Amino acid sequence: MYFKRFAMAGTMALMSTTAYAGCGLTSGSVRILSNDFPAVHAVAEGAEACAGDGVTVSKNQTAEHKDIQVAALTSNPAQYTTAVVANSSIVPLLSDGLIRPLDDLVAKHGQSLNKNQLVTIDGKVMAIAFMANAQHLFYRSDILEKAGVDVPTTYEDVIAASKAIRAAGIMEYPFALNTKSGWNLAEEFVNMYMGTGAPIFKAGTAEPSVNNEHGVATLNMLKELVAYSNPDYLTYDSNATQALWESGELAIATMWGSRGGAMLDDEGSSAEVVSATMLSGAPTWGGGSVPASTLWWDGFTIAQNISDEDAEATFVAMMNGISTDMVKANNDKAVWLINGYVPGKAAEGIAQTANAGAVPYPMTPFMGAMHTALGAEISDFLQGKESAEQALMDVEAAYTTAAKEQGFLK
Amino acid sequence: MPHKTFLWFILPSLAAMVLFIALPIFSVFVQSLYVEHDQVLITTENCGPFGCKQETTVDVEATQILKDQAPLGKFNGFQTYSNRSHLAFAELTQAWSTATNARDFFGQILNLPFYKALAFTLTYTFVVTPFVIVIGLGIALGVNALPAKIKGPTIFVSLLPMIVTPLIGSLILFWMIDAQGILGATLQRLFNDNALSLKASPSLTWVMLFVYGVWHSAPFSFIVFYAGLQSVPSETLEAAMIDGASRWQRVRYVVIPYLTPLVTFITLMQLMDNFRVFEPIVGFSASANATSLSWIIFNDLRGQDSQLFGSAAATSMLTILGVAILLTPVLIRTWREFNSKTV
């Protein structure tokens with residue numbers, strides 16, 4: 001579906017942008033706030049190529065970006081002219097009106113953009129997406145073969161395969177997901193819950209709706225899965241699972257697609273592990289057809305509280321940052337949504353997940369409160385301290401308290 | 001000193017205290033009485049790389065009007081203090097009326113975030129503080145008895161746990177106790193149990209955090225006691241030796257009475273510090289098994305895309321209240337001693 005475009009893009013003849021000082025600009029200040037991973041480093045470097053001739057480009061790339069973005073963009077003039085966001089972190093900027101509509105700038109400078117790069121809210125372009133991400137399955141073909149199991153396509157298969165690997169004495173804990181208590185664990189719940197097709201909130205309201213049979217089934221599935229994870233699973237974030245994978249401790253794992261490039265390169269692991277590492281789409285479960293995953297995009301926004309001149313300079317510089325040349329030089333660092341991208345092995349998992357109809361992570365303003373409540377409350381159930389119903393009741397109570405304070409619920 | 005001179009004398013520090021301590025606390029208190037305005041929600045069609053979808057969004061303009069009218073937010077009084085994330089009065093009442101026995105009642109209470117955190121915070125404070133004092137005194141006595149040549153290096157090494165930044169120290173230990181780490185793997189071999197994990201079991205996590213707390217704070221009490229030991233009069237010690245007192249008796253009847261004021265000092269500092277335990281919980285990724293009041297504040301401010309300022313402020317005020325209650329007995333004791341000396 002959406003990803004056919006990527007495949008075609010590689011074969012198409014494309015306009016190529018050349019980086020020259022100023023990028024055709026004569027003045028303006030570009031100040032970038034973004035997360036800190038290789039793909040956005042590449043984008044920021046592309047934008048920095050526009051520095052010179054009266055144009056200044058500065059950047060702050062930090063994993064703490066979402067904690068400072070609201071304060072930094074509230075000041076007038078804003079501390080940063082662009083915030084690089086994902087579909088969850090754009091929400092507070094939208095809710096506070098801190099980013100500006102980009103329709104004019106897109107019309108003037110955005111001819112090279114694909115239509116699916118435009119993130120529109122109520123018809124207005126609010127962000128330009130440049131890469132996609134999703135959690136999906138990673139597996140070791142050699143170990144599955146040794147255990148005599150097929151590639152899992154459902155989480156029931158994953159459990160069966162893990163059981164077979166354990167029974168064959170190959171690994172005691174063959175499976176892992178990012179289950180670190182807090183944000184990561186909540187993300188796994190959301191992904192799994194999406195596989196049921198049920199909504200997280202009652203339609204049209206901010207009322208929670210996870211304390212139901214779908215929620216209970218989701219929790220039970222997670223509990224069955226972590227039985228095949230190392231007992232330390234509540235401390236596993238992406239860095240931990242990637243390290244476990246690269247050291248050959250895992251046979252099957254659900255991890256972020258954006259880690260694929262790093263896991264398939266020749267650093268940090270042995271040739272035996274890398275050559276057998278395979279990526280496939282997120283599994284379905286419970287007889288459902290929707291992959292148990294959420295789709296994420298990363299994109300850039302332009303601050304509201306800056307001069308139009310700086311906004312234009314920032315847009316042009318960021319467009320240079322997400323140019324086809326940049327993609328050609330950094331093809332395997334991400335699943336780019338940009339023309340010129342040639343999907344490689346690292347992109348297969350995300351592409352399959354998206355093509356199988358996974359849903360995007362909700363951009364609703366109260367989803368953050370739900371995510372936090374899930375992250376804090378469901379570990380009690382996984383550890384056997386309370387029932388699934390009790391855990392979900394706690395989630396809804398914690399969410400309701402937070403949502404009331406944020407003004408979403410009365 | 002005449003009162004007027006005294007006033008001028010302390011004015012600078014008084015001003016600094018008002019500016020940097022009293023005013024911020026007052027502002028946090030004011031913040032804790034407010035919550036965000038009711039958000040005006042609308043349904044819009046949002047499109048992105050993965051297609052279009054009807055979603056709920058905030059009507060920025062309508063909400064902005066509300067915000068401009070009252071920039072502090074919506075006045076909520078003490079309701080943030082009484083909600084489920086804090087003192088949870090409604091849930092307590094319900095637990096009281098539905099609980100079948102005391103165990104069930106406490107089970108329900110400890111399921112509430114604030115009380116869960118309070119339980120760990122208090123246990124941590126009351127386990128770590130005495131250990132820190134006893135072990136610190138032990139190290140100080142030991143080091144004091146060393147020959148002068150190796151004293152310097154020993155003191156330096158003993159201080160290392162305090163010199164290392166708490167977060168870094170806990171991360172180092174976190175990796176060492178990993179199932180693949182040197183301590184974790186050794187423990188698994190010793191007990192011949194592959195499922196033994198210091199990170200997974202709630203009670204072992206607590207023990208690990210206590211051990212870390214003692215490891216980190218013992219140098220502080222060591223260095224204070226060590227300084228105190230230098231002031232113990234050698235005449236009294238020599239007199240005790242002539243009277244035939246053993247080393248233990250000298251410590252018990254001469255050294256410890258001299259160091260009692262320092263014990264009060266260290267107790268005060270440790271009660272305050274340990275009640276605000278935070279870094280090890282983050283460093284050890286222990287939030288599934290142990291949360292503290294400071295961790296709740298952190299989670300309100302950094303756990304999600306937008307911050308819960310009112311909630312964090314309320315927990316902060318409750319933490320200050322908790323510290324005040326904890327310190328009261330020690331302060332009363334010090335006050336009495338002070339008075340008895342001046343008379």
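How many bridges join strand β1 of chain A to strand β2 of chain A? Let's take that up first, keeping in mind that this is a predicted model.

## A parallel pair in chain A

Seven bridges join β1(A), residues 28–34, to β2(A), residues 55–61, and the two strands run parallel. If you would like one pairing to look up, find A:I32, whose bridge partner in β2(A) is A:K59. Between the strands, the chain passes through helix α2(A), residues 38–48, in a right-handed β-α-β crossover.

## The nonpolar core

The largest nonpolar core has 186 residues, and the members that touch the most others are A:C50 and A:A132. Strand β5(A), residues 124–140, is the top contributor to this core, with twelve residues.

A:A132 is a good place to zoom in. Leaving aside residues up to four places away in sequence, A:A132 touches several residues of chain A, including A:L295, A:W296, A:W297 and A:V335, and also B:P49 from chain B.

## Where the chains meet

Chain A brings 55 residues to the contact and chain B brings 46. On the side of chain A that touches chain B, the elements giving two or more residues include α3(A), β4(A), β5(A) and β9(A). Helix α18(A) has the largest share of that side, with six residues.

## A kinked helix in chain B

Helix α12(B), residues 247–275, is worth a look too. Its 29 residues would span 42 Å if the helix were straight, yet its end C-alpha atoms are only 35 Å apart. Follow α12(B) along and you will meet a kink of about 50 degrees at B:I256, shortly before the proline B:P257. Among the buried residues of α12(B) are B:V255, B:L259, B:L262 and B:F275.

Conventions:
Residues numbered from 1 in each chain as written. Chains lettered and ligands numbered in written order. Predicted model: local features only at pLDDT ≥ 70, side-chain atom pairs only at ≥ 80, totals over all residues. Helix = DSSP H or I, 4+ residues; strand = E, 2+ residues; numbered from the N terminus. Expected span 1.5 Å × (residues − 1). Bend = angle between axes of the 7 residues up to and from the residue. Buried ≥ 20, exposed ≤ 12 C-beta atoms within 10 Å, placed from the backbone. Pairing = 2+ DSSP bridges. Right-handed = clockwise from strand over helix to strand, strands pointing away. Core = buried A, V, L, I, M, F, W, Y, C linked by C-beta atoms within 7 Å. Contact = placed C-beta atoms within 7 Å.
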